[in-house]
Amino acid sequence: MISDEQLDAYRISGEKIRVIRDALESNDVKGIILAWDDSQVMVRRPNKRVVKLDRNYIFQPFSEPRPATEES
């Protein structure tokens, strides 16, 4: 689970992030962090829609390459 400190750093910087939900890159959510609570994070996507995502997903800066994942 991503820490409050890391989420706050992403929110303050306004850095675009990638949320990896599964092995398919097409299912990644890209956007900026708006808010969070104990179990969910709100992300604003480029089309201005806001989505709520589980904090247990993998969060990383969009500028970093996506890690290779094994498809089962």
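**Salt bridges and overall fold**

In this predicted model, a salt bridge joins the side chains of Asp28 and Arg18, with 3.6 Å from N to O. The two residues come from distant parts of the chain, 10 residues apart: Asp28 sits in the loop between strand 1 (17-20) and strand 2 (29-36), while Arg18 belongs to strand 1. Both Asp28 and Arg18 are buried.

Asp28 has a further partner. Its side chain also meets that of Arg66 in a salt bridge, at 2.6 Å from N to O. Here, too, distant parts of the chain are linked, since Asp28 lies in the loop between strand 1 and strand 2 and Arg66 in the segment after strand 5, 38 residues away. Asp28 has a relative accessible area of 7%, which is under 20%, so it counts as buried. Arg66, at 18%, is likewise under the 20% limit and therefore buried. Through shared partners, the salt bridges bring Arg18, Asp28 and Arg66 together in one network.

The structure holds 4 salt bridges. One of them pairs the side chains of Arg55 and Asp4, at 3.0 Å from N to O. Arg55 is found in the loop between strand 4 (50-54) and strand 5 (58-61), and Asp4 in helix 1 (residues 4-13), so this pair ties together parts that are 51 residues apart in sequence. The partners differ in their surroundings: Arg55 is buried, with a relative accessible area of 5%, whereas Asp4 is partly exposed, with a relative accessible area of 39%.

Turning to the chain as a whole, its secondary structure consists of 1 helix and 5 strands, arranged along the sequence in the pattern α-β-β-β-β-β. The radius of gyration is 12 Å, close to the 11 Å that the globule rule gives for 72 residues, so the chain is as compact as a globular protein of that length. Along the principal axes, the C-alpha atoms fill a box of roughly 35 × 25 × 20 Å.

Contacts and surface complete the picture. Among contacts in the chain with a separation of 6 or more, 46% are between residues 24 or more positions apart. Of the 72 residues, 28% are buried. The accessible surface of the chain comes to about 4,900 Å², and carbon and sulfur atoms account for 47% of this area. The chain carries 12 positive and 13 negative charges, and the mean positions of these two sets are 10 Å apart.

Conventions: Residues are numbered from 1 along each chain as its sequence is written. This is a predicted model: local features need pLDDT of at least 70, side-chain atom pairs count only at pLDDT 80 or more; totals for chains, interfaces and linings use all residues. Side-chain values use heavy atoms; hydrogens and water are left out. Helices (H or I, at least four residues) and strands (E, at least two) are DSSP runs, numbered from the N terminus. The radius of gyration is taken over C-alpha atoms; the globule rule is 2.2 Å times the number of residues to the power 0.38. Buried means under 20% relative accessible area, exposed over 50%, partly exposed in between (1.4 Å probe, protein chains only). Contact means heavy atoms within 4.5 Å. Accessible areas come from the Shrake-Rupley method with a 1.4 Å probe; for residues, only the protein chains shown count as cover. Lys and Arg count as positive and Asp and Glu as negative; His and the chain ends are not counted. The place of a charge is taken as NZ of Lys, CZ of Arg, CG of Asp or CD of Glu.
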